[in-house]
Amino acid sequence: MCSLNPLAHPRGPKLLCELCHKPAAVQCRQCRVAYYCDSEHQRADWVGIHERVCQLLIPLRCPVPFHALEVEREQHRARLLSGQEELIAVSRAAAQKKLFEGKHQEAVPGALLSLRYCSDVHGPDALQLVPSYLLLAEANIGEFGPRAWLCHWVCGHRVALSMHVFIQHFANMLLQTF
């Protein structure tokens, strides 16, 4: 787990916790672009997703350098978009893995990060947010949530797993359609 830097009274933009959006008190010492309200949220984020994306966040969250030429600005935008799409894919995959392992609480940070960057890339009302919302919903319902309990009681484990795969496939199909 990476160590933390306590923050003094920062000036400029308000720094918020990655998980709860309360004012931040500490930052990740490795990337220096992720902030947390306390060490408990830092540990939860590290286990959930930050360990995999720590270095990916640096170019996405650092200030944009000045580019005099339009070509340079376009190249920078293309690199930024590529990095954001990579981050979305990595965070979705990590959240799905945690859900399949039954670690619902650990899936929440990955689902949140996926949702945040998907919203930045595609807009707040885009259909591309559906898979991220589904991951977040499943992580919050948890292993013994209403849908899981009903599905296991009525159908059994194999059908419940098939249903989960179908929902994911349906969401991906919707994304390709629009």
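Buried residues are those under 20% relative accessible area, exposed residues are over 50%, and partly exposed residues fall in between. Because histidine 21 has a relative accessibility of 46%, this residue counts as partly exposed. The structure described here is a predicted model.

**Overall architecture**

The secondary structure of the protein chain comes to six helices and three strands, and from the N terminus on these elements run β-β-β-α-α-α-α-α-α. Of the 178 residues in the protein chain, 38% count as buried. Among contacts between residues at least 6 apart in sequence, 55% join residues at least 24 apart.

**Loops around the strands**

Histidine 21, the partly exposed residue introduced above, lies in the loop between strand E1 (4-6) and strand E2 (26-28). Although histidine 21 is not a glycine, its phi is positive, at about 65°. A positive phi, of about 60°, is also found at arginine 32, again a residue that is not a glycine. Arginine 32 sits in the loop between E2 and E3 and is partly exposed, with a relative accessible area of 45%.

Lysine 22 belongs to the loop between E1 and E2 and is exposed, its relative accessible area being 52%. Which residues does lysine 22 contact, leaving aside its neighbours within four places in sequence? Lysine 22 is in contact with Leu15, Leu16, Cys17 and Cys37. For cysteine 37, which is 15 residues from lysine 22 along the chain, the separation of the two C-alpha atoms is 6.2 Å.

Aspartate 38 is placed in the loop between strand E3 (35-36) and H1. With a relative accessible area of 32%, aspartate 38 is partly exposed. The C-alpha atom of aspartate 38 is separated by 8.3 Å from that of cysteine 17, a residue 21 places away along the chain.

**Helix H1 and its pairing with H2**

Aspartate 45 is located in helix H1 (residues 39-61). This residue is buried yet has no salt bridge, and the nearest side chain of opposite charge, that of arginine 116, is 7.1 Å away. Since a salt bridge requires a side-chain nitrogen of Lys or Arg within 4 Å of a carboxyl oxygen of Asp or Glu, the 7.1 Å to arginine 116 does not qualify. Not counting residues up to four places away in sequence, aspartate 45 touches Glu18, Leu19, Tyr36, His50 and Pro109.

How do the axes of H1 and helix H2 (residues 70-100) cross, and within what distance do they come? The two axes come within 10 Å and cross at roughly 180°, which makes H1 roughly antiparallel to H2. On the H1 side, the residues that meet H2 are Val47, Gly48, Ile49, Arg52, Val53, Leu56, Leu57, Pro59 and Leu60, while their counterparts in H2 are Leu80, Gly83, Gln84, Glu86, Leu87, Val90, Ser91, Ala94 and Lys98. By class, this contact has 11 nonpolar, four polar and three charged residues.

**Salt bridges**

The count of salt bridges comes to eight. The table gives examples, with the distance between the closest N and O atoms.

| Positive residue | Negative residue | Closest N and O atoms |
|---|---|---|
| Arginine 73 | Glutamate 70 | 2.7 Å |
| Lysine 97 | Glutamate 101 | 3.8 Å |
| Lysine 98 | Glutamate 106 | 3.0 Å |

Arginine 73 and glutamate 70 both lie in helix H2, where they are three residues apart, about one turn of the helix. Arginine 73 is partly exposed, with a relative accessible area of 30%, and glutamate 70 likewise counts as partly exposed, at 42% relative accessibility. These residues also take part in a network of salt bridges that links Glu70, Arg73, Glu74 and Arg77.

In the salt bridge between lysine 97 and glutamate 101, the glutamate counts as partly exposed, at 39% relative accessibility. Is lysine 98 buried or exposed? At 8% relative accessibility, lysine 98 counts as buried, whereas glutamate 106, with which lysine 98 forms a salt bridge, is partly exposed, with a relative accessible area of 26%. Lysine 98 is also among the H2 residues that meet H1. Aspartate 45, by contrast, is buried without a salt bridge.

Terms used. Residues are numbered from 1 along each chain as its sequence is written. This is a predicted model: local features need pLDDT of at least 70, side-chain atom pairs count only at pLDDT 80 or more; totals for chains, interfaces and linings use all residues. Side-chain values use heavy atoms; hydrogens and water are left out. Helices (H or I, at least four residues) and strands (E, at least two) are DSSP runs, numbered from the N terminus. Buried means under 20% relative accessible area, exposed over 50%, partly exposed in between (1.4 Å probe, protein chains only). Lys and Arg count as positive and Asp and Glu as negative; His and the chain ends are not counted. Contact means heavy atoms within 4.5 Å. Axes are lines fitted to C-alpha atoms, for helices over the stretch in contact, and angles run from 0 to 180 degrees between N-to-C directions. Angles under 35 degrees count as roughly parallel, over 145 as roughly antiparallel, 65 to 115 as roughly perpendicular and the rest as oblique. Ala, Val, Leu, Ile, Met, Phe, Trp, Tyr, Cys and Pro count as nonpolar, Asp, Glu, Lys and Arg as charged, and the others, Gly among them, as polar.
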